[in-house]
2 protein chains.
Amino acid sequence: MFKVLAQDRQSKARRGRLTTVHGLVDTPAFIPVGTQGSVKATSPRELRELDAQIILGNTYHLFVRPGIEVIQYFGGLHKFMNWNRPILTDSGGYQIFSLAKLRKITEKGVHFQNHVDGKPAFISPEIAMEIQSALGSDIAMVLDECAPYPCERDYAGRSAEMTARWAARCKRAVEANASPARTVSPTNPSAAADTTANRLLFGIVQGATFEDLRRSSAQAIVDLDFDGYAIGGVSVGEPEEEMMCAVESAEPCLPKHKPRYAMGLGTPPQLLEMIARGIDMFDCVLPTRLARNGTAFTASGTINLKNAEFALDKSPIEENCVCPTCREFARGYVRHLIKAEEILGLRLITLHNLHFYLDLMNRARTEIERGTFDQFRREFVMGYKVRDVDLAASVGKAVSLPPNKPGR
Amino acid sequence: MFKVLAQDRQSKARRGRLTTVHGLVDTPAFIPVGTQGSVKATSPRELRELDAQIILGNTYHLFVRPGIEVIQYFGGLHKFMNWNRPILTDSGGYQIFSLAKLRKITEKGVHFQNHVDGKPAFISPEIAMEIQSALGSDIAMVLDECAPYPCERDYAGRSAEMTARWAARCKRAVEANASPARTVSPTNPSAAADTTANRLLFGIVQGATFEDLRRSSAQAIVDLDFDGYAIGGVSVGEPEEEMMCAVESAEPCLPKHKPRYAMGLGTPPQLLEMIARGIDMFDCVLPTRLARNGTAFTASGTINLKNAEFALDKSPIEENCVCPTCREFARGYVRHLIKAEEILGLRLITLHNLHFYLDLMNRARTEIERGTFDQFRREFVMGYKVRDVDLAASVGKAVSLPPNKPGR
């Protein structure tokens, strides 16, 4: 279900294609984040028009609200939100560790209280699989423990080992459920999802900032044979070099014929650097989150449209950009909307930013096919100025966001 | 520029067509309110797809932010917000009286401090015309004083007389500017707008709740010969019977071949009752404002989608509705979005509500043409349940709105 169509000669960059029940995903791919069953401020129609091939749903958020049984009643997440292209769901683990209160991790699973109404709940590897099956996602993720940064080596080692044992349990749970012999019961939540058997399951490599732990974790996860492999526990506050190092340590252990997914990152240059290191898939809240703060992406870095300098600016957010915003509206108008707190302002920047990320991946695919990716990467990274605010936002520390509105 | 195409036999309802520089407006017409250069939560493209033929811009809000000189720099409000159909602008008077601080009314004009940064400003009938000319609206409104409710007869009388004198000054100012002999100066803000000469100017009838004052005000305004006539000072907190009475008192004085516009109202039944009393045009924040509170319009009254009863509701907001929301999404999903404070939730209800209002006018036009309007009105009003919350919101008292985010 995954094919490498072209391989860069100067780097590890690959151009591939992933096949899912709901359609194709061309890689390198950017996955817009639809935390609560909606990619913030956009409609499914707009996402289709932006040529988004896949979106992400956050299991934890949907579990808390509206509740899995509600989405199941509507026939799964695709039908609930009226999106008929591929959906990847995370396991919920990351948000349990970053958002929920009073969590207690044991070998069996995690006890926690959700951040909305404090209701206690328990999630295990098996339950994480059941929930994602009920959501009907095309790509499910195993339940993992995402170690914090910084993290003691001892803790990171034990955590990565437990993550591997949990991964094995996830795989067994899915295999048991996919077995034709299993009893379909009306009280079994996974029975309703029509795509259970064809769903892809990705393992997650952990190991914090320790190269040998990253390698051993990757080896343990690959031994379990998943449909794809994610690098987790990156972009959690560590310096960029540590992030690159974590990927470089794990990547050689990952099979070439399976997709690789770096979770929860990053800035546009980081994406290209990750592609050059052999990564195929990314999800990140930066384009949607920064948009709500008035920040737009351009090839030379981000600009904040709240700034007075844009008040009389008749040019589009980015010259020659073909996104719906740049085709129709000037910076000065978008600035006015943001200053006046008009919803259309957030909408317009969100569309531009998502287009920017999706188009960057489109461009990367073309450059890999042409054999010119590495030069493109170098030139893009050199021309792009990273501002501190973007990096802070990428790990959930954007000052302008209310503390109770997070979202990976 | 206005033609009555059909006249109802059982009521005073008319089906007409108004021609402006930016296109036609079929009447009875509903005018979505674009307070700050954006009809809240919608894009110009969505408004076109909803078949909105005209929108309203609030002069006061645009004067305060971004400032008229900014919009003028962009070539007028049409170009600024990328809307190429007709725009009606109010004079700013109503918001000066309802929002601004420390206002002082004299015969010359109004001194006030704006509600955003408290900056002092002065507006006169002549300045109101200059500003609307700079905005480049297709229909401008005279500066009037909107008397409060309740209001002493003595005050109401003197206020209506001053409104008539101000109306005369507005007319003279426009005529002086439209004269081919006038000197076009770069410091004259109206010089930039290309539509000044062709802009329509509507007079406004005041007179509070006093029938004879409504009649004398109407007569005084009609004597000045405007392109259309508005009934102002309605929907300001008075009982519905008083509102109907104000219109019934003024209407016989208004010429049949000019459009009539009831400002700032109302509920769907009120609109039909006003049409039956000879009114052609309406603007109202109800469909957009209530949407942001989770309230949707249906033929049987409003429903609040926050309510738990809709959590598992697979039906659209209204059966057989052809709006973009009802064609694609279930009540249960919209409810989830509203509860989770997702922007898409507000967007979807806003689109439905605007469609409801626009479609109601479309239906009214057809029924007038068929000669069945009065029966349609009676049946609609009988089947529609008005909730107190809608009436409160119609005069700006919706509890759920922050006090600093008003908007007529």
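# Exercises on a predicted two-chain model

A rotation of 180° with a shift of 0.0 Å along its axis superposes chain A on chain B, at an RMSD of 0.0 Å; the fit is by least squares on the C-alpha atoms of residues with pLDDT of at least 70 in both copies. The model is predicted: local features need pLDDT of at least 70 and side-chain atom pairs pLDDT 80 or more, while totals for chains, interfaces and linings use all residues. Residues are numbered from 1 along each chain as its sequence is written, chains are lettered from A and ligands numbered from 1 in the order in which they are written, and side-chain values use heavy atoms, with hydrogens and water left out.

## Exercise 1: symmetry

State the relation between the chains and find the C-alpha of chain A nearest the axis.

Step 1. Two copies of a chain are related by a rotation about an axis and a shift along it.
Step 2. Here the rotation is 180° and the shift 0.0 Å, which is the relation of a two-fold axis.
Step 3. In chain A, the C-alpha nearest the axis belongs to I343(A), 3.9 Å from it.

## Exercise 2: the interface

Describe the contact between chain A and chain B by residues, area and polar pairs.

Step 1. Counting contacts (heavy atoms within 4.5 Å), chain A contributes 42 residues and chain B 41 residues. Of the interface residues of chain A, 98% are also interface residues in chain B, so the copies meet through the same surface.
Step 2. The chains bury about 3,600 Å² between them, 56% of it on carbon and sulfur atoms; buried area is the accessible area (1.4 Å probe) that two parts lose on being put together, summed over both.
Step 3. Eight salt bridges cross the interface, a salt bridge being a side-chain nitrogen of Lys or Arg within 4 Å of a carboxyl oxygen of Asp or Glu. One of them joins R45(A) and E49(B), with 2.9 Å from N to O.
Step 4. On the side of chain A that touches chain B, helix 1 (44-49), helix 3 (68-73), helix 4 (77-81), helix 13 (331-339) and helix 14 (343-370) each supply at least two residues. Helices (H or I, at least four residues) and strands (E, at least two) are DSSP runs numbered from the N terminus.
Step 5. That side of chain A has 19 nonpolar, eight polar and 15 charged residues. Ala, Val, Leu, Ile, Met, Phe, Trp, Tyr, Cys and Pro count as nonpolar, Asp, Glu, Lys and Arg as charged, and the others, Gly among them, as polar.
Step 6. Polar contacts link 20 residue pairs between the chains, both residues at pLDDT 80 or more. The rule asks for N or O atoms within 3.5 Å; within protein, one must be able to donate a hydrogen and the other to accept it, and residues adjacent in sequence count only if both atoms are side-chain atoms.

## Exercise 3: a bridge within chain A

Locate K12(A) and E251(A) and give their sequence separation.

Step 1. Their side chains meet in a salt bridge at 2.7 Å, N to O.
Step 2. K12(A) lies in the loop between strand 1 (2-7) and strand 2 (14-20), and E251(A) in the loop between helix 9 (240-250) and strand 14 (260-262), so the pair ties together parts 239 residues apart in sequence.

## Exercise 4: confidence

Give the average pLDDT of chain A and a stretch where the score is below 50.

Step 1. Chain A averages a pLDDT (the predictor's confidence in each residue, from 0 to 100) of 91.
Step 2. Over residues 181-195 of chain A the pLDDT is below 50.
Step 3. Where pLDDT is low, the predicted coordinates should not be read in detail.
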